[in-house]
Amino acid sequence: MILRIIMYIGLGLLSIFLINYFEFANIEFTIINVLIAVGSLIALKILYSIFTRFLRVLVFAFVFLPVIGLVIYYVYAYFTGQSVDLASLAVW
């Protein structure tokens with residue numbers, strides 16, 4: 001736990017240094033600015049973990065399920081002898 005806190009403080013200092021180095025903004029190395037940088041890094045880590053879990057659900061719902069549906073449609077059309085009409089599947 002202590003090592004993680006030290007790592008976040010180091011990353012906060014590094015982010016302030018890089019912002020100053022690339023001249024995006026002129027930020028001083030104060031305790032408050034380092035704490036804000038550390039807090040924003042922790043918030044980004046939490047958002048990353050939430051969105052990666054959420055994106056797995058989206059990939060499953062919008063990529064995997066439609067592909068499985070198309071495979072089932074092609075197999076059904078093959079066994080019933082119907083022609084495959086993808087234009088009728090389009091929403092527009």
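## Exercises on a predicted two-helix model

Ring pairs join Phe-17, Tyr-21, Phe-22 and Phe-24 into a cluster, where rings of Phe, Tyr and Trp (its six-membered ring) pair if their centres lie within 6.5 Å, and planes under 30 degrees apart count as stacked, over 60 as edge-to-face and the rest as tilted. The model is predicted, so that local features need pLDDT of at least 70 and side-chain atom pairs count only at pLDDT 80 or more, while totals for chains, interfaces and linings use all residues. Residues are numbered from 1 along each chain as its sequence is written, and side-chain values use heavy atoms, with hydrogens and water left out.

**Exercise 1.** Determine how many aromatic pairs there are, and classify the pair of Tyr-21 and Phe-22.

*Solution.* Applying the pairing rule gives a count of six aromatic pairs. For Tyr-21 and Phe-22, the centres are 5.1 Å apart and the planes make an angle of 80°, and the pair is edge-to-face. As a last step, consider accessibility: both Tyr-21 and Phe-22 are exposed, a term that stands for over 50% relative accessible area, with buried meaning under 20% and partly exposed in between (1.4 Å probe, protein chains only).

**Exercise 2.** Compare the span of helix 1 with its expected value, and establish where its buried residues lie.

*Solution.* Helices (H or I, at least four residues) and strands (E, at least two) are DSSP runs, numbered from the N terminus. The expected span is 1.5 Å times one less than the number of residues, which for the 20 residues of helix 1 (residues 2-21) gives 28 Å, in agreement with the 28 Å between its end C-alpha atoms. The buried residues of helix 1 are Tyr-8, Gly-12 and Ile-16. They cover an arc of only 75° around the axis, taken from the directions from the helix axis to the C-beta atoms, and therefore lie on the same side of helix 1. These buried residues pack against helix 2, contact meaning heavy atoms within 4.5 Å, whereas Ile-2, Leu-3, Ile-6 and Tyr-21 are exposed on the other side.

**Exercise 3.** Describe the position of Ile-36 and its separation from Gly-12.

*Solution.* Ile-36 belongs to helix 2 (residues 31-80), and it counts as exposed because its relative accessibility is 55%. Although Ile-36 and Gly-12 are 24 residues apart along the chain, their C-alpha atoms are separated by 8.2 Å.
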